[in-house]
Amino acid sequence: MNNPLEALRVFCCAAQARNFRDAAQQLAVSPQVVTRVVRELEDTLGEPLFHRSTRGVRLTAFGAQLVERARSALAGVEALFPVRGQPGQVNETTSGLVRVTAPRFLGRAPLMATLAPLLAAHPGLVLDLRLSEVRADVVDQQIDIGVRIGPMRDSGFVARAVAQVHFHVVATPTLVARVGAPQTIAELLDQRPCTAMIDLNNGRPWNWLFRGSRQQAPAVPAFVTDDPEAEQAAVLAGIGFGQLPDFLAQPALREGRLVSVLDAEAPKPWPVHVYRARQSPVPARVRLVFEALVQGLAKLPSSSA
């Protein structure tokens, strides 16, 4: 057992929840992690801690005795690490560095709307936020938490789907009046001025997404950038049609500064995931930021809202 104190903390949470799945949710780990930690603790102590059945789990007599001693022991350890200026209080949930990676495509505003209040509320917390479309190696780059738009194909992560992103082909009313609304995808991409975003993973423009999993890039874009907010600004300036996600398009659509075209060709929405590597124990500061991002990004502007 690598960390007996963390094992006791997991055990106490499982004892209080009386359900490994609920305990795992509180701890922001998988139920398998809770099961493994409890089993290792039972092996170390040589006693069963829970009676298991199809209806759930309940403490054994030994487990009931241990949970009281474990809570007392954990409280004693926590008392050694008081919050600065507040003797006797524990700050293990808020102190230390958390590294977060997210796509710039998501935009700075939704992320900072969640993270800035968190930092203000927890002075001991330090965030290292990296915005990039380049795929990060979570292990090699020591990333604690990531945000991804699109499907999660790696089962090595604990991932939470928090929102859906709808994509809209949009332009200013002035541009549509001048060049006409396209009636087909080919007319849009081949005969209308369009913007393009560069995929930094390969240096080529991202394909636009359409119904039926069709993907195609503008033939000769009028504006090319590697910054999502610059593309948004170009579309709002009337330079070209652009395909923007909800959180960049919806405010301007509601205000009438943009109009959408080819709505019948819109693709299926993409999920937004908050994820982290599977590991145990999970530092409390990582759980804190993970849950904050899950709750904050669930409020992303959506055309379905």
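Let us start at Phe 247, which sits in helix α9, the stretch covering residues 246–255. In this predicted model, Phe 247 has a relative accessible area of 8%, so Phe 247 counts as buried. Follow the chain from Phe 247 to Leu 300 and you travel 53 residues, yet the C-alpha atoms of these two are separated by 6.2 Å.

Phe 247 has buried company in its helix. Asp 246, Phe 247, Leu 248, Ala 249, Gln 250 and Ala 252 are the buried residues of α9. What lies over them? The cover includes the strands β7 (145–149), β8 (157–165), β9 (167–171) and β15 (242–245), together with helix α8. Just past the end of α9 comes Gly 256, which takes a positive phi of about 80°.

Several of those covering elements are worth a visit, and β9 is a good first stop. How many of the residues of β9 are buried? The count is 5 of 5, so this strand is mostly covered, because residues under 20% relative accessible area are taken as buried. In a regular strand, side chains alternate between the two faces of the sheet. In β9, Phe 167, Val 169 and Ala 171 point one way, while His 168 and Val 170 point the other way, and all of them are buried.

Strand β9 also has pairing partners. With β15 it runs antiparallel, joined by 4 bridges, and Val 170 has Gly 242 in β15 as its bridge partner. With strand β16, residues 259–261, β9 again runs antiparallel, here through 3 bridges. In that pairing, Ala 171 stands opposite Val 259 of β16.

Strand β2, made of residues 56–59, offers another pattern of side chains. Val 57 and Leu 59 point to one face and are buried, whereas Gly 56 and Arg 58 point to the other face and are not. The partner of β2 is β1, residues 50–53, and 4 bridges hold the two in an antiparallel arrangement. One of these pairs Ser 53 with Gly 56 in β2. Together β1 and β2 make a hairpin, with 2 residues between the strands.

Now for the sheets. Strands β7 and β8, met above as part of the cover of α9, belong to an open sheet of 5 strands with mixed pairing, in the order β6-β5-β7-β17-β8. Strands β6 (125–131) and β8 each have a single partner, so each is left with one side that has no neighbour in the sheet. From one strand to the next, the twist averages 20°. Inside this sheet, β7 and β17 (residues 270–277) run antiparallel and are joined by 4 bridges; here Arg 148 has His 273 of β17 as its bridge partner. Helix α5, residues 108–121, packs on the sheet and touches β5 (96–102) and β6, with its direction at about 170° to that of β6.

Another open sheet has 3 strands in the order β11-β10-β14, also with mixed pairing. At its edges are β11 (204–205) and β14 (223–225), each pairing on one side only. Strand β10, residues 195–199, pairs with β11 in the antiparallel sense over 2 bridges, and Ile 198 stands opposite Pro 205 in β11. Helix α8, residues 228–236, packs on this sheet, touching β10 and β14, and its direction makes about 175° with that of β10.

Helix α8 brings us back towards the starting point. Gln 232 is found in this helix, and its relative accessible area is 19%, so Gln 232 falls under the 20% limit and counts as buried. Setting aside neighbours within four places in sequence, Gln 232 is in contact with Leu 244 and Leu 248. Of these, Leu 248 is one of the buried residues of α9.

There is also some enclosed space to find. The structure holds 1 cavity of 30 Å³ or more, and about 40 Å³ of space lies in the largest cavity. Its lining is formed by Arg 104, Gly 107, Arg 108, Leu 131, Asp 227, Pro 228 and Glu 229. Sorted by class, that lining has 2 nonpolar, 1 polar and 4 charged residues.

Finally, step back to the whole chain. It has 10 helices and 17 strands, and 44% of its 305 residues count as buried. Among contacts between residues at least 6 apart in sequence, 73% join residues at least 24 apart.

Notes
Residues numbered from 1 in each chain as written. Predicted model: local features only at pLDDT ≥ 70, side-chain atom pairs only at ≥ 80, totals over all residues. Heavy atoms only, no water. 1 Å grid on protein atoms, 1.4 Å probe; cavity = no way out; pocket = protein on both sides within 12 Å on 5 of 7 lines; lining within 4 Å. Points joined across faces, edges and corners; volume = space filled by probe spheres on them. Nonpolar A, V, L, I, M, F, W, Y, C, P; charged D, E, K, R; others polar. Buried < 20%, exposed > 50% of the residue type's maximum accessible area, 1.4 Å probe, protein only. Pairing = 2+ DSSP bridges. Contact = heavy atoms within 4.5 Å. Axes fitted to C-alpha atoms, helices over the stretch in contact; angles between N-to-C directions.
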